[in-house]
Amino acid sequence: MNISRLHFAHLPTPIEALPRLSETLGGPRLLIKRDDQTGLAFGGNKTRKLEFLVAEACDQGAKTLISGGALQSNHCRQTAAAAARFGFECILVLTGDMPEQPSANLLLNQLFGAQVVYVADRKDRDKVLQQTFDRAAEKGMKPYLVPYGGSNSTGALGYAFAVKEFIEQNVHADWIVFATSSGGTHAGLVLGQRVFGFKGKAMGISIDESEEWLKTHVSELASLASEKLGKRIEFTPTEVLANADYCKAGYGVLTEPEREAIRLFAKHEGLLLDPVYTGRAAAGMIDLIREKFFKDETVLFLHTGGQPALFADEYANKI
């Protein structure tokens, strides 16, 4: 197995018990895996993916990293930081209007020297992203396109190996619960389960996509990623656990369940969640606990980071 990888994440990330939150909720034993502590630019789950994606960019002789996302994209913040660390130029295509004063992730992108292209309407982002890539290629900037969320077969390897890391930490969990959206983390976990023999279940709480889309997309992505580890494994949608009951408000829309989850984690464990991803995933997990979905089991919450968004102007006064 010859897979290019740069080692810059702070691994293994720690696993901590959440006894006060468990007691407050009156539910199962809760653990948390701190992938908010992966070390790159305030950390987060995208750092694991970028170890493989940036290595691939280096192998291809790229000089510029290009990616896209929401205005406060955690993925883009970590991509910009990786570009700065390894000497790439960086261009980010973000959905939203240029603010008078950048805050949170936008401010960090600026500090890392990334050029930002703003797109008013999300439906135009794919087109603008491709145009940006094409212009960079024409200018001889040797661009490498980092997919949304780092979620392709290369990026998914980050979470396949995260499963191996978790198993080697020798901590029992019946469930891994996490935020899922573009599917790369989800696909990596599904692949890692099979390849490294994790016996528990991994359930993604959807941030914005339907259960049907996630099951189909994640199984296809896990199958593609498996080819990089050896013989292709054919995953089916039935092997993907996804719950889309908590994303009806829409992407990035902060509602009372997210506010409650953020407050509960902060008040009882001194832990900060973010308003878009971990806040929503935790809200879903809390509701499932209250509905007695988990029996006498141990549930590990995968903290995928994103806390800088707490300081974004659009969220700071709403939590």
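Start by selecting H6 and H7: their axes come within 6 Å and cross at roughly 50°. Those axes are lines fitted to C-alpha atoms, for helices over the stretch in contact, with angles running from 0 to 180 degrees between N-to-C directions. Helices (H or I, at least four residues) and strands (E, at least two) are DSSP runs numbered from the N terminus. H6 and H7 are therefore oblique to each other; under 35 degrees counts as roughly parallel, over 145 as roughly antiparallel, 65 to 115 as roughly perpendicular, and the rest as oblique.

Before going on, a word on the model. It is predicted, with local features needing pLDDT of at least 70 and side-chain atom pairs counting only at pLDDT 80 or more, while totals for chains, interfaces and linings use all residues. Residues are numbered from 1 along each chain as its sequence is written, and side-chain values use heavy atoms, leaving out hydrogens and water.

Back to the pair on screen. H6 passes H7 in a right-handed crossing (the near helix is turned clockwise from the far one by less than a right angle; anticlockwise would be left-handed). Show side chains for Leu157, Tyr159, Ala160, Phe161, Val163, Lys164 and Ile167 in H6, which meet Thr185, Gly188, Leu189, Leu191, Gly192, Gln193 and Phe196 in H7. Contact here means heavy atoms within 4.5 Å. These residues divide into nine nonpolar, four polar and one charged. For the classes, Ala, Val, Leu, Ile, Met, Phe, Trp, Tyr, Cys and Pro count as nonpolar, Asp, Glu, Lys and Arg as charged, and the others, Gly among them, as polar.

**Next: the cavity**

Keep H6 (157–168) selected and add strand S10 (298–303), as these elements give two or more residues each to the lining of the largest cavity. H6 gives the most, with four residues. Pick out the full lining: Lys33, Asp35, Tyr159, Ala162, Val163, Phe166, Ile176, Leu189, Leu300 and Leu302. That makes eight nonpolar, no polar and two charged. The volume is about 70 Å³. On a 1 Å grid over the protein atoms alone, a cavity is a set of points where a 1.4 Å probe fits but cannot get out, a pocket is an open set with protein on both sides within 12 Å along at least five of seven lines, and lining residues have an atom within 4 Å of a point. Points are joined across faces, edges and corners, and a volume is the space filled by probe spheres set on them.

**Then: the pocket**

Which residues lie nearest the centre of the largest pocket? Select Ala70, Arg122, Ser181, Tyr251 and Tyr277, out of 46 lining residues. The pocket's volume is about 890 Å³, and its lining divides into 13 nonpolar, 23 polar and 10 charged. Elements supplying at least two lining residues each include strand S3 (64–70), helix H5 (125–138) and H7.

**Two more helix pairs**

H3 (residues 74–86) is another of the elements that line the pocket. Add H4 (residues 104–111): the axes of H3 and H4 come within 9 Å and cross at roughly 15°. H3 and H4 are therefore roughly parallel to each other, and the crossing is left-handed. Asn74, Cys76, Arg77 and Ala80 of H3 make the contact with Asn105, Leu108 and Asn109 of H4.

Finish on H9 (residues 256–269) and H10 (residues 278–290), which pack at an angle of about 90° with axes 8 Å apart. H9 and H10 are therefore roughly perpendicular to each other. Among the residues that meet are Leu264 and Phe265 in H9 and Met285 and Ile286 in H10. By class, this contact has nine nonpolar, one polar and four charged residues.
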